[in-house]
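The following exercises concern salt bridges, fold and nonpolar packing. Each task is followed by a solution in steps.

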Amino acid sequence: MDERIYNALIERGWLIPQTEEEVERAERALARVELPPSLSPELADPYRLIHRLDEIKARENRKPLTGILNAAQDLRKSDDELVEETRLSHVLVTMFDLRQIKLSTTPQKVIERIASAIRKTVEQVTEYLGGEPRFAVSANYKAEDAPALDEPQSFADAVLDDPTLSDERREELLAMIESV
Amino acid sequence: MTSLQTGGSATVSDATDKQLFALMAARGDDDREAWAEFYRRYIDDFRKILQRLPQGRGDELAQEAMIQAYERANTFRSDDALDADASRRRTLAWLGRIARNLYVSSLRGQRGVTVGSLTGEDGEEALRLSEKGRFLARGELHREIEELEAKVTGTTDDDEDEISDYRRSLQEGLDALTQRERDILIATYEHYDSAKPQQQQRLPPAVVEEICQRHNINADNLRQIRKRAYQKLARMAEKDSQIES
């Protein structure tokens with residue numbers, strides 16, 4: 001009887017449908033009743049509400065960044081897309097995400113590219129990169145004391161040590177350092 | 001019209017829902033236009049589904065859910081295997097989940113019924129919430145449902161006529177409910193999980209407390225009111241079967 005009452009409430013329109021099947025049930029029931037008044041011009045116009053989207057964006061921009069990879073995932077951006085847009089490598093993107101590259105040695109252009117790729121402000125990204133280094137999420141350990149993280153590397157060292165970078169990209173990144 | 005960055009479609013109005021969600025989630029130059037197109041596409045069908053909500057806030061809820069859809073665009077998962085109708089229902093169901101969360105949150109912000117309305121309608125005394133009455137015993141809710149179902153059973157799912165008669169009688173029964181009975185029944189079923197078997201349906205204690213606070217009753221009152229609602233529905237079903245015999 002639970003399910004029958006539940007379905008009756010969906011058909012009555014007293015419960016909001018939550019699945020495709022319930023939507024179908026609700027719409028079939030709607031077809032049997034008198035239709036509600038037609039859509040008012042005010043309700044039909046999305047541009048009366050556009051300012052609310054700006055409020056959402058502003059709120060998102062005020063939130064501290066919790067991770068570069070997280071931010072990319074929120075935008076439904078794949079790791080490959082992130083790497084391409086930042087013109088870095090998977091290794092470097094991950095190192096930035098874990099704050100394992102010293103902010104002071106990172107070219108401004110790299111920070112700008114990261115910010116652009118994840119739709120955040122340069123200030124948000126700078127603040128994030130200046131934080132304490134962290135472990136990867138999957139890291140675990142068995143020792144009684146937590147292992148200490150190594151000191152962050154300089155950007156130059158990270159670029160030189162990354163075996164996955166193409167020569168072309170490595171040169172481009174190193175050139176940015178020299179131009180700072 | 002703006003050229004899209006994904007999918008290759010020329011304009012936003014030609015974009016699939018999946019493309020619109022991608023544009024909204026990307027928060028790029030096309031996101032507002034993508035959202036406006038999504039809004040135009042769904043607002044009418046969605047607000048019709050919400051029109052008969054008891055609080056009469058269908059239009060407002062539909063708009064709020066649309067705005068939240070922009071904020072949560074990155075959480076929508078499309079299914080390329082679905083045809084156009086099924087895909088549309090999937091989107092409406094996703095919007096429905098957003099709307100229900102908004103609806104339940106808004107009800108939580110409301111104060112419960114006044115003492116006067118409690119005593120006036122049923123002659124019951126308004127009782128203060130007590131520690132004992134605060135939580136229903138586990139399984140008690142569903143024992144009462146089973147008892148009522150025992151009175152009503154006789155219909156089987158094999159008989160299509162009986163199903164539609166039963167459904168009609170349920171709808172007539174819903175018409176016969178008082179405002180409070182309806183509100184409590186709806187509040188109960190807002191937490192119903194159709195994916196779980198009946199034996200696993202449980203109202204969390206916190207939800208029971210919330211419903212009781214909303215209506216300024218204790219758990220015993222809640223059970224009695226809901227039982228009365230079930231009895232009304234059962235009586236309609238019995239009356240229907242008697243007319244036929």
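**Exercise 1: A salt bridge between chains**

R52(A) has a relative accessibility of 23% and therefore counts as partly exposed. The model is a predicted one.

Task: Determine which residue forms a salt bridge with R52(A), and where the two partners lie.

Solution.
1. The partner is E64(B), and the closest N and O atoms of the pair are 3.1 Å apart.
2. E64(B) belongs to helix 3 of chain B and R52(A) to helix 4 of chain A, so the pair joins two chains.
3. E64(B), at 26% relative accessibility, counts as partly exposed, because this class covers values between 20% and 50%.

**Exercise 2: Burial of the partners of R12(A) and R28(A)**

Task: Classify R12(A) and its salt-bridge partner D175(B) as buried, partly exposed or exposed.

Solution.
1. In the bridge between R12(A) and D175(B), the closest N and O atoms are 2.9 Å apart.
2. This pair also crosses between chains, running from helix 1 (residues 2–12) of chain A to helix 7 (residues 160–175) of chain B.
3. The threshold for burial is under 20% relative accessible area, and that for exposure is over 50%.
4. R12(A), at 14%, is accordingly buried, whereas D175(B), at 54%, is exposed.

Task: Locate the salt bridge of R28(A) with E24(A) in the secondary structure.

Solution.
1. The closest N and O atoms of R28(A) and E24(A) are 3.9 Å apart, and the cut-off for a salt bridge is 4 Å.
2. Both residues lie in helix 2 of chain A, four residues apart, which is about one turn of the helix.
3. R28(A) is partly exposed at 48%, and E24(A) is partly exposed at 33%.

**Exercise 3: Fold and nonpolar cores**

Task: State how many helices and strands chain A contains, and what share of its residues is buried.

Solution.
1. Chain A has eleven helices and zero strands.
2. Of its 180 residues, 42% are buried.

Task: Identify which helices supply at least two residues each to the largest nonpolar core.

Solution.
1. This core comprises 41 residues; among those with the most contacts inside it are W35(B), F38(B) and L50(B).
2. Helix 2 (20–31) and helix 4 (50–62) of chain A contribute in this way, as do helix 1 (17–26), helix 2 (31–50), helix 3 (58–71) and helix 4 (84–108) of chain B.
3. The largest share, nine residues, comes from helix 2 of chain B.
4. Beyond its neighbours within four places in sequence, L50(B) is in contact with I16(A), G58(B), L61(B), A62(B) and A99(B).

How values were computed. Residues numbered from 1 in each chain as written. Chains lettered and ligands numbered in written order. Predicted model: local features only at pLDDT ≥ 70, side-chain atom pairs only at ≥ 80, totals over all residues. Heavy atoms only, no water. Buried < 20%, exposed > 50% of the residue type's maximum accessible area, 1.4 Å probe, protein only. Core = buried A, V, L, I, M, F, W, Y, C linked by side-chain atoms within 4.5 Å. Contact = heavy atoms within 4.5 Å. Salt bridge = Lys/Arg side-chain N within 4 Å of Asp/Glu carboxyl O.
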